[in-house]
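Grab a pencil and open the viewer. Below are some exercises, each with a solution worked out step by step.

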Amino acid sequence: MKKDLTRYRNIGIFAHVDAGKTTTTERILKLTGKIHKIGEVHEGAATTDFMEQEQERGITIQSAATSCFWKDCQLNIIDTPGHVDFTIEVYRSLKVLDGGVGVFCGSGGVEPQSETNWRYANDSKVARLIYVNKLDRTGADFYRVVKQVEEVLAATPLVMVLPIGTESDFVGVVDLLTRKAWVWDDSGLPENYEITDIPEDMKEQVEEYREAMVELAVEQDEEILMKYLEGEEVTIDEIKQCIRKGTRNLAFFPTFCGSSFKNKGVQNVLDAVVDYLPAPNEVPPQPEIDLEGNETGKFAYVDPEKPFRSLAFKIMDDRFGSLTFTRIYSGVINKGDTVLDTATGKTERVGRIVEMHANSREEIESAQAGDIVALVGLKNVQTGHTLCDPKDPATLEPMVFPEPVISVAVEPKKKGDNEKMGMALSKMVQEDPSFYVETDQESGETIMKGMGELHLDIKVDILKRTHGVEVEVGKPQVAYREAITKVFSDSYTHKKQSGGSGQFAKIDYTIEPAETGTGFEFESKVTGGNVPREFWPAVQKGFETSVEKGPLAGFPVVDLKVTLNDGGFHPVDSSAIAFEIAAKAAYRQSLPKAGLQLLEPIMKVDVFTPDDYMGDVIGDLNRRRGMILGQDTGPTGVRIKAEAPLSEMFGYIGDLRTMTSGRGQFSMTFSHYAPCPSNVAEVVIKEAKERAAAS
């Protein structure tokens, strides 16, 4: 049976931590009849926050997928986390969505995490609505948030409703399109509202905002624009048609407001999702690429008749086994089908297909283009892999994940738990591509790497609760890097004679600093065959494997360019392995002479503090070698933007809370690597050498 794709909406709800995404999702589920009692986040009972860690901390960690119906449209909703250490979840959810709802706090406004998420959504070209929540709170100001959207996000909000009353007097909204007021009573029930005339004192303002909205909307359609300019009345349906077009083209973002907690204004957002956000078949098709990562010029069109293509965007382990959340772009998949994972080259059999409602599920026999479902029974699929028809393989654009900046060593408290811990960690790595685990070759320790302190904290928590493994956690280690500052040319000859054929390789080379962010580059300028072409890759490999450990303190060397200028070979004794050994020895010989320096990760820090504590907070950031980039005063406090080295920021949340009597908040994301001051570098190098000696 072919579904009517125009009645589908795949949407995500994303925002800064604490703007009220999960509460908004709860209200949507209540309004669409999916749940009968509303669960509250602050009571730890929200439907989509079903992990214990989420209920305790009141934050969303995993994106939960759920589907419901509104005005005969099926909404597949993904509630994403807002905390900065989990942006990876937002990123990979946006990748597979057709539309989004950006939730902003009425008093907090555009917060740092909302900026990051907005940028991700821009990159993924996702059409969005804006919903300004928490208008019942002290200090809430809808018009100020609209202005911030323009200034901070450089976006064009299309104001669709105006709030009636502010803070504790907030009772409802005026719908600018219909010029009607939606007013809710004090019962707190979302269905207890009436649609009435606009309050007298708002009429002028409503006309002013409506005119601005219509002017912006009609620019999307020339015929309607001409009609408007000639003074004819434009119908509501024509305006809606223009808004839908402009929203899909990212020309503007329809903006709504309300209070999810008090159940006011959520219906208008749901109507807008149906009216303005694109259906799966209205979104540009996904480009297909070959195994080398080059575009093939073909596209995965959202059409059940085309070959099967889908993207796995999340792996989740639960009591039923491993669930692979997947967005189907084209074709149909049936229970029991065999699909090809282009990343591993292996085929997998689909055991069952389930449609998710937070943590309960319904089994279905088949799914098709436009659907978001979970597949059960896939063994080796990871986040970002493409699943396709084995007879007609293709890869969709893969996801790119950031490098970790912090690591800790862990070991089980009970001697016999090693294997259990290993299995748990490998499941966790599959679920979260920004989480890495490796074994230190020298000390044999298990090292966890992630995006921040909270990220690793929660991983330790999951080990303990979900997998029953208690672990001892070492001191957090910063992911330093090493780099050279000078250009240095040198020569190295590797000779070894040991009866029979020997080994011989001579290389003349230059090492120099490369552009920031390039990692490792290799070039050969050898002419005349002094080093035959077949040995060049061996020289490259010798240097490339060496850069993983720098001479200073054993950290990876970045932004290094090696040029092979000349050399010599022996017709019998030269081999690829001899040239590889020569390159490794050349690296050890020359790198220390090229002005090595230690680089440290610098974080972008965004701190919010009430006015009274601003001096203390800035003073403390300065002591942490922070650089203040700017400050922005709002009605409830000051937002300070700064850059600071990660090594100085451990335990910052505790210190900030102490300084601000528990009212300060902060978020931190990786910015760049920068040279380490010599006094700090000395300590780091000394500690690294002591660790190496001890192991």
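**Exercise 1. Aromatic pairs**

Task: Find how many aromatic pairs there are, then classify the pair Tyr143 and Tyr209.

Solution:
- Step 1. This is a predicted model, and the count comes to 11 aromatic pairs.
- Step 2. Now zoom in on Tyr143 and Tyr209: their ring centres are 5.8 Å apart and their planes meet at 50°.
- Step 3. Planes under 30 degrees apart count as stacked and over 60 as edge-to-face, with the rest called tilted. At 50°, the pair Tyr143 and Tyr209 is therefore tilted.
- Step 4. Check where the two rings sit in the chain. Tyr143 is in helix 5 (residues 142-152) and Tyr209 is in helix 6 (residues 203-218), so 66 residues separate them and the pair links distant parts of the chain.

**Exercise 2. Buried or not?**

Task: Sort Tyr143, Tyr209, Trp184 and Tyr193 by how exposed they are.

Solution:
- Step 1. You need the cut-offs: buried means under 20% relative accessible area, exposed means over 50%, and partly exposed is in between.
- Step 2. Tyr143 has 28% relative accessibility, so it is partly exposed. Tyr209 has 25%, so it is partly exposed.
- Step 3. Trp184 and Tyr193 form another tilted aromatic pair, with 5.5 Å from centre to centre and 45° between the planes.
- Step 4. Trp184 comes in at 3%, so it is buried, whereas Tyr193 is partly exposed at 31%.

**Exercise 3. Build the sheet**

Task: Work out the strand order of the open sheet of 4 strands.

Solution:
- Step 1. Start with strand 7 and strand 8: they run antiparallel and are joined by 4 bridges. Ile164 has Gly172 in strand 8 as its bridge partner.
- Step 2. Strand 8 (residues 172-175) is also joined by 4 bridges to strand 9 (residues 180-184), again antiparallel. Here Val173 is partnered with Trp182.
- Step 3. Look at the turn. Strand 8 and strand 9 make a hairpin with 4 residues between them, and Arg179 in that turn has a positive phi of about 55°.
- Step 4. Next, 4 bridges tie strand 9 to strand 10 (residues 193-196), which run antiparallel. Trp182 stands opposite Ile195 in strand 10.
- Step 5. Put the pieces together and you get the order 7-8-9-10. Strand 7 (161-164) and strand 10 are the edge strands, each pairing on one side only. From one strand to the next, the twist averages 25°.

**Exercise 4. Into the core**

Task: Which residues touch the most other members of the largest nonpolar core?

Solution:
- Step 1. The core has 68 residues, and the ones touching the most other members are Leu75, Val101, Leu129, Met160, Met213, Ile243 and Phe256.
- Step 2. Helix 9 (residues 266-276) supplies the largest share of this core, 7 residues.
- Step 3. Pick Ile243 and leave out residues up to four places away in sequence: among its contacts are Leu158, Met160, Met213 and Phe252.
- Step 4. Don't stop there, though. A second, separate core of 44 residues includes Val617, Leu656, Met659 and Cys676.

**Exercise 5. Cysteines**

Task: How many disulfides does the structure hold, and are Cys257 and Cys388 buried or exposed?

Solution:
- Step 1. A disulfide is a covalent bond between the sulfur atoms of two cysteines.
- Step 2. The structure holds 0 disulfides.
- Step 3. Cys257 has a relative accessible area of 1%, so it is buried. Cys388, at 0%, is buried.

Definitions and conventions
Residues numbered from 1 in each chain as written. Predicted model: local features only at pLDDT ≥ 70, side-chain atom pairs only at ≥ 80, totals over all residues. Heavy atoms only, no water. Core = buried A, V, L, I, M, F, W, Y, C linked by side-chain atoms within 4.5 Å. Buried < 20%, exposed > 50% of the residue type's maximum accessible area, 1.4 Å probe, protein only. Helix = DSSP H or I, 4+ residues; strand = E, 2+ residues; numbered from the N terminus. Contact = heavy atoms within 4.5 Å. Disulfide = S-S within 2.5 Å. Pairing = 2+ DSSP bridges. Axes fitted to C-alpha atoms, helices over the stretch in contact; angles between N-to-C directions. Phe/Tyr/Trp six-rings, centres within 6.5 Å; stacked < 30°, edge-to-face > 60°.
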